[in-house]
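Visitor: I would like a close look at a single part of this model, taken slowly and with its surroundings. Please begin with one residue and work outward from there.

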Amino acid sequence: MSPPQPVRRLACGRFSLALERPLLMGVVNVTPDSFSDGGRHATVEAAIAHARRLVDEGADLIDVGGESTRPGAAPVGPAEEIARVVPVLDALRECGVPLSVDTRHPATMRAAIEHGADMINDVAALRAPGAIDAVRDSGCAICLMHMRGEPATMQQAPAYEDVVAEVGRFLGERVEALHAAGVARERIVVDPGIGFGKTLRHNLLLLGALDQLVAAGQPVLAGVSRKSMIGDLTGRPADRRLAGSLAAMLAAVARGAAIVRVHDVAESRDALRVWLAIDEAH
Ligand code: HH2
């Protein structure tokens, strides 16, 4: 079978995003317990102000999350999640960049789409009953992420025979399931789910082989910012992982990542600018 044509523009709600250079997705957590910025943007007002700052700093998309998915995090019900996320969407609607909502709950997906979300970012890859129905008839983009297990338990001895092949197969199957349900490939992004049911070794293998995932044709999103793999490699706590995060981000874009999910937009923008200038010079 011939390799699929790569998606060059992402249909993303009100936007059509050119994918010829890597895009920066700025993270806004409206949660009291996120691992990286837990509690700092917990109020709606603080989250809105933070998102505006990330847009000013050059974020190409904003990802709003109302439930922490860090290892061991307690699940949040959709009612609470909707109450956290919807006011942020309402306030940011005209901020000029696409708004993504990080959720695994179909009820939250529906509410987010009603309130103008341009992308649904699901760490469970739309496996919840009703999730595909919730997004199918909208124009929003969908990020399908690989996760082994559930956040509460996913770091308890994750094991794979061939992590790159297994993650690639899972994402390929999810893309086919969405496509069969009527979702155009131009709306679908895939993500290997760094840190979600993976050891440090698994994360390194996946990032090192990201070009294999890219070769399957869907735009690839990578989230490495401040994650524990950076802590494992550097010995730094979450608030001192910027340098390691930038290195991992550049390793991902060098292997073809289309979107990188980051907390530190200004610094990531600078790092990308330098990397791009070198990449485009020859
Ligand atoms: N990582 C986190 C959350 N959502 N979504 C995608 N597509 N890819 C990721 O790698 C990813 C994600 C975890 O990071 P963070 O939002 O900082 O923490 P928390 O889940 O605790 O809010």
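Guide: Leaving aside the neighbours within four places in sequence, methionine 249 is in contact with Leu24, Val224, Val260, Val262, Ser268, Ala271 and Leu272, and since the model is a predicted one, these contacts are to be read as properties of the prediction. Met249 is also listed, together with Ile62, Leu126, Leu144 and Leu178, among the residues with the most contacts inside the largest nonpolar core, which has 67 residues. The largest share of this core, seven residues, is supplied by helix α5. Apart from it there is a second, separate core of 15 residues, whose members include Leu10, Leu61, Cys143 and Ala258.

One strand deserves a closer look here, namely β7, which spans residues 141-145 and has five of its five residues buried. The covering applies to both of its faces, with Ala141, Cys143 and Met145 buried on one side and Ile142 and Leu144 buried on the other.

The partners of this strand can be followed in both directions. Strand β6 (residues 119-122) pairs with β7 in the parallel sense over four bridges, and within this pairing isoleucine 120 has isoleucine 142 as its bridge partner. The connection between the two strands involves helix α4 (residues 131-136), and β6, α4 and β7 together make a right-handed β-α-β unit. Strand β8 (residues 188-191) is likewise paired with β7 in the parallel sense, over four bridges, and here isoleucine 142 stands opposite isoleucine 188. From β7 the chain crosses through helix α5 (residues 163-180) to β8, in a β-α-β crossover that is right-handed.

Seen as a whole, the sheet is open and consists of eight strands in the order β8-β7-β6-β5-β4-β3-β10-β9, with parallel pairing. Its edge strands are β8 and β9 (221-223), each of which pairs on one side only, and neighbouring strands are turned against each other by 25° on average, direction ignored.

Further along the same order, strand β4 (residues 61-65) and strand β5 (residues 99-102) pair in the parallel sense over four bridges, with valine 101 in β5 as the bridge partner of valine 64. Helix α2 (residues 78-92) lies across β4 and β5 and runs at about 175° to β5.

Definitions and conventions. Residues are numbered from 1 along each chain as its sequence is written. This is a predicted model: local features need pLDDT of at least 70, side-chain atom pairs count only at pLDDT 80 or more; totals for chains, interfaces and linings use all residues. Side-chain values use heavy atoms; hydrogens and water are left out. Buried means under 20% relative accessible area, exposed over 50%, partly exposed in between (1.4 Å probe, protein chains only). Two strands pair if DSSP finds at least two bridges between them. A crossover is right-handed if, with the strands pointing away from the viewer, the path from the first strand over the helix to the second runs clockwise. A nonpolar core is a set of buried Ala, Val, Leu, Ile, Met, Phe, Trp, Tyr and Cys residues joined through side-chain atoms within 4.5 Å. Contact means heavy atoms within 4.5 Å. Axes are lines fitted to C-alpha atoms, for helices over the stretch in contact, and angles run from 0 to 180 degrees between N-to-C directions.
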